[in-house]
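Biologist: Please take me through one part of this protein closely. I would like the strand at its start, set against the whole chain.

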Amino acid sequence: MRVALLGATKGMGRALARAMAARGDALVLLGRDAADLERSARDLEVRGGARIATAACDLERPETFGSALAAAEAALGGLDAVVVTAGLFATQDRLEADSALTQRLLLVDFTNTVCFCEEARRRLLAGGGGTLCVFSSVAGERGRKPVVLYGAAKAGLTRYLEGLDHRFRAAGLRTVCVKPGFVRTSMTDGLPAPPFAGEPEGVARRVLRAIDDGTPVVYVPGAWRWVMLLIRWLPRAVMRRVAF
């Protein structure tokens with residue numbers, strides 16, 4: 001499989017890139033830190049044996065989207081899948097205290113991610129179809145006190161991916177919306193972990209199966225499907241009183 005992966009140098013993205021390289025997928029890593037990309041590419045080459053290319057792409061600079069995906073197409077001879085694991089996270093308290101950070105997070109996690117996906121969608125459909133896999137979050141499932149702003153961005157991203165699936169599945173575009181719950185990465189350092197917290201390697205295995213199968217929605221770890229089912233059914237009056 002020929003894959004362009006945005007966000008492969010940290011956490012879940014790195015684990016997914018390693019899993020893909022280990023099974024022989026051809027990869028182009030997209031990101032904004034050239035040195036970090038090169039280190040990750042060389043690490044993946046050791047693990048998988050194939051040459052790994054890189055291209056500059058910054059979710060805060062939409063002008064980089066088209067050139068990055070064009071470079072990936074050229075390096076791979078086409079694209080079978082585009083994967084987006086990159087994004088921003090900040091706690092609700094930090095966002096409420098910093099309007100500039102709030103604007104940045106909403107721009108990156110919703111508007112610019114959607115614009116990147118639109119560029120990817122056009123290119124995949126022009127090549128006959130393919131898979132667009134994007135990491136959203138369980139935070140977008142329900143309005144909750146700890147993730148009001150981050151959750152709003154992820155809710156919008158989730159609905160966008162659902163709409164793409166409805167509109168373009170018959171044309172050959174398979175969307176995979178990944179909804180991580182709590183996963184132990186640098187993003188969650190310092191936050192209290194629930195009993196069913198996941199590890200990046202387990203997330204990568206589950207996401208890889210979803211990409212192969214074209215599963216429209218995947219919760220990682222899987223227990224979060226049932227946790228969020230319960231939360232979606234709680235009355236609003238209860239949600240006002242609880243802290244999660």
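**From the whole chain to strand E1**

Modeller: A compact globule of 244 residues would have a radius of gyration near 18 Å, and the protein chain agrees with that because its value is 17 Å. That radius is taken over C-alpha atoms, and the globule rule is 2.2 Å times the number of residues to the power 0.38.

This is a predicted model: local features need pLDDT of at least 70, side-chain atom pairs count only at pLDDT 80 or more, and totals for chains, interfaces and linings use all residues. Residues are numbered from 1 along each chain as its sequence is written, and side-chain values use heavy atoms, with hydrogens and water left out.

The C-alpha trace spans about 55 × 40 × 35 Å along its principal axes. The protein chain holds nine helices and seven strands. Both are DSSP runs numbered from the N terminus: helices are H or I with at least four residues, strands are E with at least two. Of the 244 residues, 49% count as buried. Buried means under 20% relative accessible area, exposed means over 50%, and partly exposed lies in between (1.4 Å probe, protein chains only).

Contacts also reach along the chain. Take those with a separation of 6 or more: residues 24 or more positions apart account for 69% of them. A contact means heavy atoms within 4.5 Å.

Now the strand itself. E1 covers residues 2-6, and four of its five residues are buried. Its partner is strand E2, residues 26-31. The two run parallel, joined by five bridges. Strands pair if DSSP finds at least two bridges between them. One bridge is easy to find: Leu6 has Leu30 in E2 as its partner. In a regular strand the side chains alternate between the two faces of the sheet.

Next, look at Arg2. Its C-alpha atom is 8.2 Å from that of Gly77, although the two positions lie 75 residues apart in chain numbering. Gly77 sits in the loop between helix H3 (65-76) and strand E4 (81-84). Gly77 counts as exposed because its relative accessibility is 58%.

Helix H1, residues 11-22, holds Met12. Met12 counts as buried because its relative accessibility is 15%. The C-alpha atoms of Met12 and Arg23, eleven residues apart along the chain, are separated by 17 Å.

One last stop is elsewhere in the chain. Val220 and Pro221 are joined by a cis peptide bond, with omega about -15 degrees. Pro221 lies in the loop between strand E7 (217-220) and helix H8 (223-233).
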